[in-house]
Amino acid sequence: MNGNIRFGILSLIVAAATFAVALLIGNAYVFFAGYVVLQYIVLATAWNILGGFTGYVNFGTAAFFALGAYSTVLLHKTVPMLPLPVMMAVGGLISGLVGLGMGYLTLRLKGTFFSIATLAMAVVAQTLITNWNFVGGSRGAYIIRPSVSPIFTGDYIQYLFVVMLLLSVISVLIARSIQHSKLGYGFAAIRDDEVAAEATGVPTLKLKLIATALSGALMGMAGAPLPYYVTYLDPASGFSLSYAVNTIAMPLIGGTATWLGPVIGAVLLATLQQVATVTISSALSLLLVGVLLVVFVIAAPKGIVGWFSPRIQPNRPSPAE
Amino acid sequence: MYISFDLLSNALVSGLLLGGFYAAVTIGISISFGMLDIVNIAHPAFIILGSYTAYIANSVFGFDPILSSIVLMPAFYLLGVAIYYIYDISFERRGDTSIRGLAFFFGLLFITEVTLVLVFGVDYRLVDAPYIGPSIHLGVVDLPLRLLIPFMVSMALVGGLQLYISRTFIGRAIQAVAQDPSALRLMAADPSRIKQIAFGLSIATASVAGAILIIIQPVEPSIARDYIGRIFAICVMGGLGSFGGTVLAAIILGIMESLTSTFYGPSWSPAVAFGFLLLTLAVRPAGLFGRR
C-alpha cells in the first residue's frame with residue numbers, strides 16, 4: 001500500500017509538471033491537443049484492465065465512450081447547473097452498468113463471442129442514440145462551452161485539460177494497484193488459462209465482471225467531458241470506429257502486461273496522430289495507426305515495454321500437439 | 001395497427017431475397033470462423049474490396065459485375081492464402097491467436113477501409129447492368145431483378161461450395177480439419193495447408209459477395225462495419241459452419257430486417273441483427289440450428 005501512495009504522489013507531481021509546462025508554452029492549441037492525448041491515456045488504460053489483464057478483447061470502446069458523452073448531453077439539457085465531475089461520475093456509472101450487464105450476458109462464453117458481442121453492442125447503442133431525438137438524434141447536439149474555468153482563472157479548455165489530467169492519474173493508479181493485487185493475479189490467471197483458474201478456485205465470472213464494469217466505467221468517464229470539448233456531438237463522430245482502433249492499438253503497441261504499456265502507447269500514438277493530422281491528413285494518420293497495429297502484433301508481441309524487459313519466455317505449449 | 005396485405009407480402013418477399021444475399025456475404029465467415037476457428041472480422045472489408053473491383057471492371061472496362069467477380073475469384077483466393085500464411089506463422093504457430101490474432105484482423109479491416117477511402121473517397125459508387133431496374137410482377141408481389149439475380153447467384157455460390165465441401169477430397173479434408181486437426185495430422189495431411197486452402201476459399205467468396213452487394217445498394221468504404229454484426233449474427237445463429245443453417249439464418253434475418261424497415265423505418269434495421277445476435281449469444285450460443 002505504501003508503494004501505491006508513493007506512486008500516487010509521484011504521478012501527481014508529474015501531472016502538475018505537465019500542466020505547468022503546458023501553461024508555459026502558453027498556446028491554447030497545446031491544451032486542445034494535450035486533452036486528446038490524455039483522453040487516450042484513460043481509454044487505453046481502461047481497455048487494458050479488461051483486454052490486457054484478463055485477455056478479453058473489447059471492440060466496443062466507442063460505445064462506452066459515447067454513452068458517457070451522451071449522458072453529459074442529457075444532463076446538460078435537463079440539469080445544466082451540475083458541475084462537470086458530477087456529470088463524469090454519472091457517465092461512468094451508466095457505462096459501468098452497461099459493461100456489467102453485457103458482461104453478464106456474454107462472459108460465460110468463449111472470449112471471441114464476447115468480442116463480437118461488444119461490436120454488436122456498439123451498433124445497438126448507436127442506433128438507439130440516432131433514433132433518440134431528445135439528445136439530438138442523427139442531427140447531433142450543440143453544447144455551449146462556458147468561456148472561463150469555474151475553479152481557477154483561465155480558459156475552459158484549461159479546466160477540461162486539468163480534469164482529464166486528474167482522470168488519467170486516477171486510472172493509471174487504479175491499473176497499477178490492480179496489477180500488484182490479489183485481483184490482478186486473479187485476472188492474470190484468467191488470461192493464462194481460464195479453465196485451470198476456475199479449477200483452482202478463482203471466481204472467474206465475478207472477476208471478469210469486475211474488470212468489465214471497471215473498464216466500462218473509466219471509458220464512460222473519459223467520454224463525459226467530450227461534448228464540452230467538441231461543442232457539437234453527433235452519433236457518427238461519438239461512435240467513431242477510430243476510438244476502438246486507437247484504444248486497441250495503443251496498449252498492444254505499448255505492451256499489454258503492465259500498467260505502463262498503455263500509457264507509453266497512448267502518449268506515443270496520440271501525439272504522433274496529432275502531429276500527422278496537422279501536417280499530413282487525418283485519413284493518413286488513421287492508416288498509420290492501422291499499419292502500426294498490424295506490424296506490432298506480428299513483429300513485437302510484447303510491445304515497446306517488451307524491448308526493455310528481460311527475455312524470459314514462459315513455457316507455452318506448442319500448438320496442435 | 002392496420003397492416004396491408006400487399007405491403008406485408010412485398011416485405012416478406014424482399015426479405016427473403018435480401019436474406020439469400022446475406023447468405024453469400026456470410027458463407028466466407030462460416031468457413032473461416034465457423035469451421036477454421038479464425039475470427040476474421042476483416043471479412044466485410046474484403047467484401048467491400050470485391051465491390052470496388054467489380055465497380056472498376058464495370059465502370060472502366062464495361063464488364064458485367066457478376067461475371068467479372070467470378071473471373072477475379074482466383075486473385076481473391078491468392079490474397080486469402082497470403083493472409084493465412086502471415087496469420088499462421090505469426091499467431092497460430094506461437095499458440096497466440098486470442099488477443100493478437102483478433103487485433104491483427106481488426107487492423108486489416110481498418111487498413112483496407114482507410115486505403116479504399118484514400119483511393120476512391122467517401123462517395124457512394126454504383127454499377128450499371130441490364131438487370132438493375134426492371135422488376136417481374138407476380139400478382140401484387142414485385143420481384144425486382146436487382147434483388148432476384150443476387151439471390152440466385154448467392155444460392156449457386158452456396159450450393160457449389162456445399163458440393164465441393166462434401167464431395168471432393170480437399171473439401172472433406174476441410175471438414176476434417178474443422179473437427180480435429182491432430183487426427184488429420186495422423187492421416188498424414190498437413191492441417192495448416194488445408195486451412196490455407198479453406199481460408200483462400202473463404203476470401204474468394206468475398207469477390208462474388210462484393211459484386212452482388214454493389215448491385216443491391218450503392219457502396220462506400222465504411223459500410224463494411226454494418227455487415228460485421230450481421231454476418232457474425234447469421235453465422236452464430238446458423239450454428240457455426242453449417243451451410244444449411246447459414247442460409248436459413250440469413251433468410252430469417254433478411255425477413256426480420258425487411259419487416260422492421262417497412263413498418264418502423266430503415267433507421268431501426270441495423271439494431272435488429274445486433275439485437276438478435278446479443279440475444280442468441282445470451283440464450284443459445286450454439287445457434288438456432290447448432291448441434292453443439
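This report looks at how chain A and chain B meet in a predicted model, and then at a small hairpin in chain B.

## Where the two chains touch

Let's start with the whole contact between the chains. On one side are 40 residues of chain A, and they are in contact with 40 residues of chain B. Four elements of chain A each give two or more residues to this side: α4 (84–106), α5 (111–130), α12 (241–254) and α14. The most comes from α5(A), with 13 residues.

What classes of residue make up the side of chain A that touches chain B? There are 28 nonpolar residues, 11 polar ones and one charged one.

## Two helices that cross

Now zoom in on one pair of helices. Helix α14 of chain A (residues 282–299) and helix α5 of chain B (residues 99–120) have axes that come within 8 Å and cross at roughly 150 degrees. Because angles over 145 degrees count as roughly antiparallel, α14(A) is roughly antiparallel to α5(B). Their crossing is left-handed.

Many residues take part in this contact. From α14(A) they include A:L286, A:G290 and A:V294, while α5(B) brings residues including B:F104, B:G107 and B:I111. By class, the contact of α14(A) with α5(B) has 16 nonpolar, three polar and one charged residues.

## A hairpin in chain B

Finally, find residues 135–138 of chain B, which form strand β1, and residues 141–144, which form strand β2. These strands run antiparallel and are joined by four bridges. Across the pair, B:L138 stands opposite B:V141.

Two residues lie between the strands of this hairpin. Which residue here takes a positive phi? That is B:G139, with a phi near 60 degrees.

Key
Residues numbered from 1 in each chain as written. Chains lettered and ligands numbered in written order. Predicted model: local features only at pLDDT ≥ 70, side-chain atom pairs only at ≥ 80, totals over all residues. Pairing = 2+ DSSP bridges. Axes fitted to C-alpha atoms, helices over the stretch in contact; angles between N-to-C directions. Parallel < 35°, antiparallel > 145°, perpendicular 65-115°, else oblique. Left-handed = near helix turned anticlockwise from the far one by under 90°. Contact = placed C-beta atoms within 7 Å. Nonpolar A, V, L, I, M, F, W, Y, C, P; charged D, E, K, R; others polar.
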